[in-house]
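Could you take me on a short tour of this structure in my viewer? Please tell me what to select at each stop and what I will find there.

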Amino acid sequence: MVDIDLESIHKAFDDAVALEEVSLTVEDGEFFTLVGPSGCGKTTTLRTIAGLSSPTDGTVRFDGEDVSDVPVEDRNVGVVFQSYALFPHMTVTENIRYGLRFTDPPRGLTADERVEELLELVDLPGMGDREPDELSGGQQQRVALARALAPAPDVLLLDEPMSALDARLREQLRREIKRIQRELGVTTVYVTHDQEEALAVSDRLAVMNDGGVEQVGTPVEVYEQPATEFVASFVGENNVFSGVVAANENGELAIEVDEKAPEGHRFHVAAEDHGGHAGHGAAADTDADDSHVDEAHAVGDHVTFCVRPTNLDPAASQNRFPVALGADEYLGGTTRLYGEWAGREIVLRLPEPPAEDAITVGFDPTEATLL
Ligand code: ATP
């Protein structure tokens with residue numbers, strides 16, 4: 001298996017820049033996800049790793065070796081695309097064998113033995129003689145996975161492999177993919193626009209936006225310590241506030257949010273990183289950005305912070321503010337409520353919607369995250 005290093009990858013098409021400058025490293029054996037909104041450059045990054053797209057600028061390395069000019073068939077990568085791209089007139093066995101067109105089967109196996117082994121691995125034993133239209137969408141995608149894995153690739157690249165499947169099947173197949181990835185230990189890069197999926201499957205993820213990488217980290221780091229406003233809002237729900245530091249003392253910033261807030265209203269936010277965000281100290285330990293230490297913020301500075309809906313609590317004693325309630329959505333066991341305070345949308349999570357059309361909530365200063 002290999003590690004992957006992308007250094008300053010820039011990709012321009014005739015009239016569009018797909019990647020501004022992407023640098024990231026995927027460790028050997030890691031399950032690494034590229035997540036971001038449509039058009040942010042995920043597929044272009046994946047195709048660059050595969051050798052299906054050559055960068056305008058920058059270097060791709062596998063195990064330290066420059067492979068920027070190595071064609072896809074010589075990179076030993078397996079790719080699974082969004083559409084299953086199985087050959088409809090071929091059987092499952094023939095489709096999987098197609099994955100061996102450039103390479104002999106590993107460990108001295110015959111092609112037939114390799115196909116049998118892969119059918120077991122993707123949990124489709126005995127299905128080799130079927131044609132794709134005799135399989136469900138999930139089964140077809142397992143065949144596509146088996147085909148990509150046939151030559152025992154050093155790198156497995158998955159581009160939204162489950163987007164055509166319904167939600168339940170997606171969850172089931174992503175657990176399968178994760179199991180198979182663990183079993184084989186193959187370095188894997190997975191593309192999705194679904195942040196929940198990215199948090200669920202990844203060892204680490206890169207949050208992309210507008211042709212660049214906003215943050216790389218473990219799911220806990222990215223969720224608990226978003227580096228930018230974009231990450232805070234894209235990964236999970238969040239309430240983002242910005243304002244000016246009015247005081248900085250006792251490890252807390254007093255922040256006056258913008259002009260629409262009632263005069264003199266201040267939020268108190270822990271200036272130091274207490275590692276107390278939802279109790280995940282580990283995220284703080286690995287935080288490369290020191291913006292959470294109080295020295296970083298002077299009175300008069302403009303700052304942005306966020307508070308997760310689950311941390312806005314009617315019983316909290318600090319940072320209280322009234323929220324005019326609007327729509328609510330029952331999510332099973334919890335309710336998401338949309339409300340408004342000082343001209344901005346506030347999202348809450350409560351066990352059930354209150355009877356009143358307004359509610360006062362607050363938050364602990366350590367539950368807010370400075371961006
Ligand atoms: P999606 O989730 O919608 O698949 P993505 O994050 O994978 O999006 P890319 O497909 O990498 O995004 O595209 C990034 C940008 O590059 C987009 O603005 C896209 O329009 C542009 N782009 C991609 N391929 C080409 C191409 N062959 N020619 C011109 N522009 C392209």
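The tour below goes from the ligand to a pocket and then to a sheet, and the model you are looking at is predicted.

**Stop one: the ligand**

Select the ligand and show the residues around it. You should find Phe-13, Ala-18, Pro-37, Ser-38, Gly-39, Cys-40, Gly-41, Lys-42, Thr-43, Thr-44 and Glu-160 surrounding the ligand. By type, this shell divides into four nonpolar, five polar and two charged residues.

Now colour helix H1, which covers residues 42-50. H1 provides the largest share of the shell around the ligand, three residues.

**Stop two: polar contacts of the ligand**

Stay with the ligand and pick out its oxygen atoms. Begin at Ser-38, where a polar side-chain atom is 2.6 Å from an oxygen atom of the ligand. Move on to Gly-39: here a backbone N or O atom lies 2.8 Å from a ligand oxygen. Then select Lys-42, which places a polar side-chain atom 2.9 Å from an oxygen atom of the ligand.

How much of the ligand does the protein bury? Taken alone, the ligand exposes 640 Å², and the protein buries 59% of that.

**Stop three: the largest pocket**

Next, leave the ligand and look for the largest pocket, which holds about 500 Å³ of space. To find its centre, select Val-77, Gly-78, Val-79, Arg-101 and Phe-102, the closest to that centre of the 20 residues that line the pocket.

Which elements give two or more residues to this lining? They are strand E6 (77-80) and helix H4 (137-149), so colour both. E6 gives the most, with four residues. If you colour the lining of the largest pocket by residue type, you will see 13 nonpolar, four polar and three charged residues.

**Stop four: an open sheet**

For the last stop, switch to a cartoon view and select strands E1, E2, E4 and E5. In what order do they lie? This open sheet of four strands runs E2-E1-E4-E5, and its pairing is antiparallel. At the edges are strand E2 (17-26) and strand E5 (65-66), each of which pairs on one side only.

Zoom in on strand E1, residues 4-12, beside E2. These two strands pair in the antiparallel sense over six bridges. To see one place where they face each other, select Lys-11 and Leu-19: Lys-11 stands opposite Leu-19, which is in E2.

Definitions and conventions. Residues are numbered from 1 along each chain as its sequence is written. This is a predicted model: local features need pLDDT of at least 70, side-chain atom pairs count only at pLDDT 80 or more; totals for chains, interfaces and linings use all residues. Side-chain values use heavy atoms; hydrogens and water are left out. A residue is near a molecule or strand if one of its heavy atoms lies within 4 Å of it. A polar contact is a pair of N or O atoms within 3.5 Å; within protein, one must be able to donate a hydrogen and the other to accept it, and residues adjacent in sequence count only if both atoms are side-chain atoms. Accessible areas come from the Shrake-Rupley method with a 1.4 Å probe; for residues, only the protein chains shown count as cover. Ala, Val, Leu, Ile, Met, Phe, Trp, Tyr, Cys and Pro count as nonpolar, Asp, Glu, Lys and Arg as charged, and the others, Gly among them, as polar. On a 1 Å grid over the protein atoms alone, a cavity is a set of points where a 1.4 Å probe fits but cannot get out, and a pocket is an open set with protein on both sides within 12 Å along at least five of seven lines; lining residues have an atom within 4 Å of a point. Grid points are joined across faces, edges and corners, and a volume is the space filled by probe spheres set on the points. Two strands pair if DSSP finds at least two bridges between them.
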